[in-house]
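I am opening a notebook page on a structure that is new to me. My plan is to look up its surface, its core and its charged pairs in turn.

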Amino acid sequence: MSPQLTQFLAAYPDAAERARLIADDPWWLVLIKAVVVLLIGPVLTIFLIVWERKAIGRMQNRPGPNRVGPGGYLQSLADAIKLPFKEQIIPDTADRKVYFLAPVLSAVPALIALSAIPFGPVVSIFGHRTVLQLMDLPVGVLVILACSSVGVYGIVLAGWSSGSPYPLFGGMRSAAQVISYEIAMGLSIVAVILYSGSLQTSEIVQAQSHGWYFYMLIPSFVIYVISMVGETNRAPFDLPEAESELVGGFHTEYSSMKFAMFFLAEYVNMVIVSAFCTTLFLGGWRFPFVGDDSPLNQNWWPILWFFAKTFILLFGFIWLRGTLPRLRYDQFMRLGWKVLVPVNLVWIVVVVAIKTIQWSWPQILVGVGIVLVVLVLLSLALPDKKLPESDYVDLAGSGYPLPPLDLRVPDATPRQKALAKAEAKAARRKPASVTAAAAQEGTEDGGN
């Protein structure tokens, strides 16, 4: 066996070998992995906050933060130091136990979810071969979904425990939001599971060695991207914290470190869903257009490609917030239940049919092309729809409707006719009453 092939097989082991490598990690290596995974979220949050403020400021033709540190890039660090020393204000009507538990319940699951994400292939750390992943569970996809959805219940409990109407409205909105968009997100992953044949995140990345799923399963990718924005309560889907309607939403009554934990949970959830999308649809840590035997997909280089894809998706969050206005709540729920979920169900049926028939992608493309050509020909063969003569209105040269030539303008409006009728009726009554009064006066004069 050649040295190149031996190195390739060592970098890309099968599932059993990966499980053995993770099980053989010494305690100090497990501790390093756990600390790094827990620090990824807070460190990226500090960077993302200032990056978002600078990027949106550039979109809106203003500088953004520019006072603290070089170029203003230490503003987030200053905020992180300032928030713990702010005064804590607790409402008298709050349920104190749940009030303190809600921020923890929102932030802690977000920090745990990254443990199931594969950040790279097998590498050597201080002479010990290991996988760049804290845990590789057979149901890793479900673990990440559970962690990302449990955090929303912290928002619900925060709104309920604050003892105020506006946080309660925000919490109820969040409950409806997680039900609708969690279903759409879960259904968008079904096609990925069908094609990869596994719920294991590392196996899904390995299955994309011959093609990324973002173009092979593009409806699932689009639905997932929309759902992940709604799942993280980000604009234009930030209905639970709509400042224009609910003051501040579910965190109106929170301050100091508890408010900072909600802030941390929001940005860590953004990192989680972006990293999860990279794993499911963008080939994970693989560099595009090269094979697994390329030096770009070996050693420590794949970590760079993984975070580059994640940052592209994170910039999509910032772009949406800087360009789109907030949706109305009815529009938001209609999109989830009447568009995303039905389209997802139809797409799953199509994927199952393709897997059952075992068509190749060229055959699928040819079949889709034939269907499109038939639809175009049928649309050309159909006769043009003609408007009835009574509904047809000529257009003048200026493009405005031309009124009919035999148009008769009424002499009076219905209101004018009603007033005239009422006046005529009053006029008929008035002489009669006057005549009766005059006759009575004449009778009295004659008697005298």
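Before looking at the surface, I note that patches are made of residues with over 30% relative accessible area and no salt bridge, nonpolar side chains being joined within 5 Å. I also keep in mind that this is a predicted model.

Surface. I looked up the nonpolar patch and found that Val-366, Val-368, Ile-370, Val-371, Leu-372, Val-374, Leu-375 and Leu-378 make up about 720 Å² of surface. One of these, Ile-370, lies in helix H15, which covers residues 361–381.

Core. I then turned inward, to the largest nonpolar core, which has 67 residues and in which Tyr-224, Met-228 and Phe-276 touch the most other members. Helix H12 (residues 256–281) gives the most to this core, namely eleven residues. I checked the burial of H12 and found 21 of its 26 residues buried, so this helix is largely enclosed by the rest of the structure. From first C-alpha to last, H12 reaches 38 Å, close to the 38 Å expected, and Gly-283, with a positive phi near 80 degrees, follows the helix.

Charged pairs. I find 13 salt bridges in the structure. In one of them, Arg-234 pairs with Glu-266, with the closest N and O atoms 3.0 Å apart. This pair links distant parts of the chain, since Arg-234 sits in the loop between helices H10 and H11 while Glu-266 belongs to H12, 32 residues apart. Arg-234 is buried at 1% relative accessible area, and Glu-266 is buried at 15%. Both belong to a network of salt bridges that also links Glu-52 and Arg-321.

Conventions
Residues numbered from 1 in each chain as written. Predicted model: local features only at pLDDT ≥ 70, side-chain atom pairs only at ≥ 80, totals over all residues. Heavy atoms only, no water. Patch = residues over 30% accessible without salt bridge, like charges linked within 9 Å, V, L, I, M, F, W, Y side chains within 5 Å. Areas by Shrake-Rupley, 256 points an atom, 1.4 Å probe, with all protein chains shown as cover. Salt bridge = Lys/Arg side-chain N within 4 Å of Asp/Glu carboxyl O. Helix = DSSP H or I, 4+ residues; strand = E, 2+ residues; numbered from the N terminus. Core = buried A, V, L, I, M, F, W, Y, C linked by side-chain atoms within 4.5 Å. Buried < 20%, exposed > 50% of the residue type's maximum accessible area, 1.4 Å probe, protein only. Expected span 1.5 Å × (residues − 1).
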